[in-house]
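Got your viewer ready? Let's take a walk through this fold, one selection at a time.

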Amino acid sequence: MAKVNVLVLTGYGTNSHAESAHAALLAGADRADVVHFSDIVEGEVRLEDYHMLVFPGGFLDGDDLGAAQAAAQRWLHLADKQGTPLLEHLRRFLDEGKLMLGICNGFQLMVKLGLLPALDGRRFERQVSLTHNASARYEDRWVRLAVNPLSPCIFTRGLNHLMMPVRHGEGRLVAPDDATLDRLEAENLVTLSYADPQTGRPTMEYPANPNGSPRSIAGLTDPTGHVLGLMPHPEAFNHATNAPRWSRGEYELPGTALFENAVRYLR
């Protein structure tokens with residue numbers, strides 16, 4: 001049986017890399033290495049040796065210039081010691097059919113790199129972004145998520161509803177126009193939506209939609225389904241006892257279900 005090696009990138013300001021690696025191991029990955037971004041630049045660690053890449057949550061570079069903006073510029077403009085642009089490594093990684101997951105700050109990095117939504121297959125072109133919550137405050141709460149059954153996303157296959165916490169100040173998706181939002185929905189690239197806790201249907205109501213994201217968008221995938229970015233934290237719900245009302249049996253599948261789907265697919 002094929003081995004599954006997961007790479008969790010860390011940097012100055014990430015804060016959930018250890019939990020992300022733990023979730024990958026719980027999901028059955030053979031290895032889950034936490035590696036600093038500089039080790040990729042120096043060539044001490046190769047993306048080619050891994051099957052899944054995780055950009056974890058946190059506040060890379062203190063979110064100076066905007067959430068994950070400085071980190072995105074590094075990926076866009078730096079090369080490794082052999083002179084190969086870092087974007088070329090990411091391109092090869094995806095061309096080989098491997099998986100990428102961006103959580104919170106990692107999702108912010110993905111949209112600013114142009115890894116998502118990649119409409120028309122155009123990678124590394126910024127098509128949407130994420131900005132300050134409509135509440136103008138940091139949101140730290142549990143949310144319910146509805147899964148789009150028509151989405152091509154590998155991570156959400158066979159899932160219906162999920163619950164997990166959010167903790168962010170810049171989670172509201174912004175697009176250049178309504179036509180872009182229409183395409184995200186029509187092409188089923190909105191794979192996760194903030195849902196009403198009672199009905200399970202997508203909602204714009206606060207606080208079920210904690211950041212005011214249009215069309216209730218909580219997570220996006222690309223047309224291949226191999227890339228997922230979401231603002232909620234699946235790695236923070238890795239056991240039933242993480243849920244706030246677990247003792248009453250009021251919880252659904254843990255966030256590790258996303259990791260389990262990924263590992264199953266890669267095997």
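Start in the middle, with the largest nonpolar core of this predicted model. This core has 78 residues. To find your way in, select Met52, Phe55, Leu90, Met100 and Leu184, the residues with the most contacts inside the core. Which helix gives the core its largest share? That's H7, with six residues. As background, nonpolar side chains in soluble globular proteins tend to be buried together.

Now zoom in on Leu90. What does Leu90 touch once you set aside its neighbours within four places in sequence? Show Leu47, Leu53, Phe55, Trp75, Met100, Leu113 and Phe124, and you have its contacts. Keep Phe55 and Trp75 in mind, since we'll meet them again later.

Next, select residues 256-266 to light up helix H7. How many of its 11 residues are buried? Eight of them are, so to speak, tucked under cover, and the helix counts as mostly covered. Colour the buried ones: Thr256, Ala257, Leu258, Phe259, Asn261, Ala262, Val263 and Leu266. Then add what they pack against: helix H1 (17-26), plus the strands E3 (52-55), E4 (99-103), E7 (161-168) and E11 (227-230).

Time for some aromatic rings. The model has three aromatic pairs. Select Phe37 and Trp75 for one of them: the ring centres are 5.2 Å apart and the planes sit at 65°, so this pair is edge-to-face. Phe37 belongs to helix H2 and Trp75 to helix H3, so the pair ties together parts that are 38 residues apart in sequence. Are these two buried or exposed? Both Phe37 and Trp75 are buried. Another edge-to-face pair is Trp142 with Phe237, at 5.3 Å centre to centre and 75° between the planes. This pair links distant parts of the chain, with Trp142 in strand E6 and Phe237 in the loop between E11 and H7, 95 residues apart. Compare the two partners on a surface view: Trp142 is partly exposed, with a relative accessible area of 27%, while Phe237 is buried at 0%. Before moving on, add Phe55 to Phe37 and Trp75, and you'll see one aromatic cluster.

Leave Trp142 selected and turn on the surface, because the largest pocket is next. Its volume is about 360 Å³. Of the 14 residues that line this pocket, Trp142, Val143, Arg144, Met163 and Pro197 lie nearest its centre. Which strand supplies the largest share of the lining? It's E6 (residues 139-147), with three residues. Colour the lining by class and you get nine nonpolar, one polar and four charged residues.

Last stop: the second largest pocket, with a volume of about 210 Å³. There are 17 residues lining this one, and the closest to its centre are Thr10, Gly11, Phe37, Leu60 and Ala71. Yes, that's Phe37 from the aromatic cluster. Where does the lining come from? Strand E1 (5-10) and the helices H2 (37-41), H3 (69-77) and H5 (105-113) each supply at least two residues, and H3 gives the largest share, three residues. By class, the lining of the second largest pocket has nine nonpolar, six polar and two charged residues.

Conventions
Residues numbered from 1 in each chain as written. Predicted model: local features only at pLDDT ≥ 70, side-chain atom pairs only at ≥ 80, totals over all residues. Heavy atoms only, no water. Buried < 20%, exposed > 50% of the residue type's maximum accessible area, 1.4 Å probe, protein only. Helix = DSSP H or I, 4+ residues; strand = E, 2+ residues; numbered from the N terminus. Contact = heavy atoms within 4.5 Å. Core = buried A, V, L, I, M, F, W, Y, C linked by side-chain atoms within 4.5 Å. 1 Å grid on protein atoms, 1.4 Å probe; cavity = no way out; pocket = protein on both sides within 12 Å on 5 of 7 lines; lining within 4 Å. Points joined across faces, edges and corners; volume = space filled by probe spheres on them. Nonpolar A, V, L, I, M, F, W, Y, C, P; charged D, E, K, R; others polar. Phe/Tyr/Trp six-rings, centres within 6.5 Å; stacked < 30°, edge-to-face > 60°.
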